[in-house]
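Trainee: Please choose one part of this model for a close look and explain how its backbone segments are joined. I should also like to see how that part sits within the chain as a whole.

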Amino acid sequence: MKHIQLAKLYKHGQFFGYGLAVDGELLNQQESTTIITNPNEQPKLIAQFHLKEQQAENPIIIHLDQVESTPM
């Protein structure tokens, strides 16, 4: 499994917002990110993506019982 990374985005030298990346590359089709913080809890990130028609109609299948879990 690959781990997500929080990316700070800059445009023309100005902070633009946050995004999600994997292996240093920003994930495509991301529309928004929201970081939620509450006292005594780890921060949470909510990301919203735009799905293209083909992605919604032909999703890949991942069998979770065949994927090795890695400790976080």
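Mentor: Two strands are said to pair if DSSP finds at least two bridges between them. Strands (E, at least two residues) and helices (H or I, at least four residues) are themselves DSSP runs, numbered from the N terminus. The model is a predicted one, in which local features need pLDDT of at least 70 and side-chain atom pairs count only at pLDDT 80 or more, while totals for chains, interfaces and linings use all residues. Residues are numbered from 1 along each chain as its sequence is written, and side-chain values use heavy atoms, with hydrogens and water left out.

The part I choose is the sheet. It is an open sheet of 3 strands in the order 1-2-3, with antiparallel pairing. Strand 1 and strand 3 are its edge strands, each pairing on one side only. In general, the strands of a sheet pair through backbone hydrogen bonds, in either a parallel or an antiparallel manner.

Consider the pairing of strand 1 with strand 2. Strand 1 covers residues 4-11 and strand 2 covers residues 14-22, and 8 bridges join the two in antiparallel fashion. Among the partners, Gln5 is matched in strand 2 by Ala21, and Leu9 is matched there by Gly17. The hairpin that links these strands has 2 residues between them, and His12 takes a positive phi near 55° in it.

The other pairing is that of strand 2 with strand 3. Strand 3 spans residues 25-26 and pairs with strand 2 over 2 bridges, again antiparallel. One of the partnerships sets Val22 opposite Glu25 of strand 3. Here too the hairpin has 2 residues between the strands, and Asp23 adopts a positive phi near 55°.

Beyond strand 3 the backbone enters the loop that leads to strand 4 (30-36), and Gln29 lies in that loop. The phi of Gln29 is near 65°, a positive value in a residue other than glycine. Gln29 counts as partly exposed because its relative accessibility is 23%; the cut-offs are under 20% relative accessible area for buried, over 50% for exposed and partly exposed in between, with a 1.4 Å probe and protein chains only. Further on, Asn40 occupies the loop between strand 4 and strand 5 (44-49). Asn40 also has a positive phi, near 60°, and is a residue other than glycine; with a relative accessible area of 85%, Asn40 is exposed.

The sheet may now be set within the chain. The elements run β-β-β-β-β-α from the N terminus on, which amounts to 5 strands and 1 helix. The radius of gyration is 15 Å, well over the 11 Å that the globule rule gives for 72 residues, so the chain is more spread out than a compact globule; this radius is taken over C-alpha atoms, and the rule is 2.2 Å times the number of residues to the power 0.38. Along the principal axes, the C-alpha atoms fill a box of roughly 40 × 35 × 20 Å. Of the 72 residues, 7% count as buried. Finally, among contacts (heavy atoms within 4.5 Å) between residues at least 6 apart in sequence, 11% join residues at least 24 apart.
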